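Got your viewer open? Here's a short tour, with what to select at each stop.

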Amino acid sequence: MKRPVYFITRHHKSNYQNLLHRLGEEKTDPMVAAAYILGSIGTIDDTAGRIEEIEQYVTDGQFDWDKLLQAMADNAVDLALTRLAANLAANQPANVNEVFSPLNDEYQALAYQALLIVFPSFSKTWERRFDFADHH
């Protein structure tokens with residue numbers, strides 16, 4: 001299972017690790033990506049963020065997406081990140097523009113890292129992915 005390498009702050013990393021622990025042993029790549037995204041919420045200013053609020057909605061190794069989305073609705077960035085996490089982990093609908101427009105460069109880099117966890121082939125070069133690209 002691919003693990004993220006980019007963390008916004010030390011709080012983001014510890015929040016992520018804590019969420020992974022709460023999810024238990026059976027973690028899929030989409031669940032790891034969701035924990036990575038949710039652990040970042042509110043940490044950009046080197047604060048612990050909204051992790052205590054987020055942890056309330058983790059039960060039996062699962063996120064309660066409806067309640068999480070409702071809880072994060074008061075902040076456009078937090079809601080966008082939660083939508084992305086819910087889409088990756090639970091196929092909840094997410095509009096690409098609504099997800100990426102509110103995010104600054106750091107959060108966009110985080111979103112890309114989350115996508116790489118779920119879709120590792122994104123990181124391969126065009127030429128290596130597609131034979132025909134080498135032929136002009």
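**The whole chain**

The chain has eight helices and two strands, counting DSSP runs numbered from the N terminus (helices are H or I, at least four residues; strands are E, at least two). This is a predicted model, where local features need pLDDT of at least 70 and side-chain atom pairs pLDDT 80 or more, while totals for chains, interfaces and linings use all residues. Residues are numbered from 1 along each chain as its sequence is written, and side-chain values use heavy atoms, leaving out hydrogens and water. Reading from the N terminus, the elements go α-α-α-β-β-α-α-α-α-α. Of the 136 residues, 42% are buried, meaning under 20% relative accessible area with a 1.4 Å probe, protein chains only.

**Stop one: helix α1**

Select residues 10-23. These 14 residues should span 20 Å at 1.5 Å a residue, and the end C-alpha atoms are indeed 20 Å apart; the expected span is 1.5 Å times one less than the number of residues. At the start of α1, a side-chain oxygen of T9 comes within 3.3 Å of the backbone nitrogen of H11. Now colour the buried residues of α1: H11, H12, N15, Y16, L19, L20 and L23. They pack against α2 (29-40), α3 (51-55), β1 (58-59), β2 (62-63) and α7 (105-118). Just after α1 comes G24, with a positive phi near 85°.

**Stop two: L68**

Next, pick L68 in helix α4 (residues 65-72). Is L68 buried or exposed? It's buried, with a relative accessible area of 0%. Beyond neighbours within four places in sequence, L68 is in contact (heavy atoms within 4.5 Å) with L38, I54, Y57, F63 and T82. Try a C-alpha distance too: L68 and Y57, eleven residues apart along the chain, are separated by 6.4 Å.

Conventions
Buried means under 20% relative accessible area, exposed over 50%, partly exposed in between (1.4 Å probe, protein chains only). A polar contact is a pair of N or O atoms within 3.5 Å; within protein, one must be able to donate a hydrogen and the other to accept it, and residues adjacent in sequence count only if both atoms are side-chain atoms.
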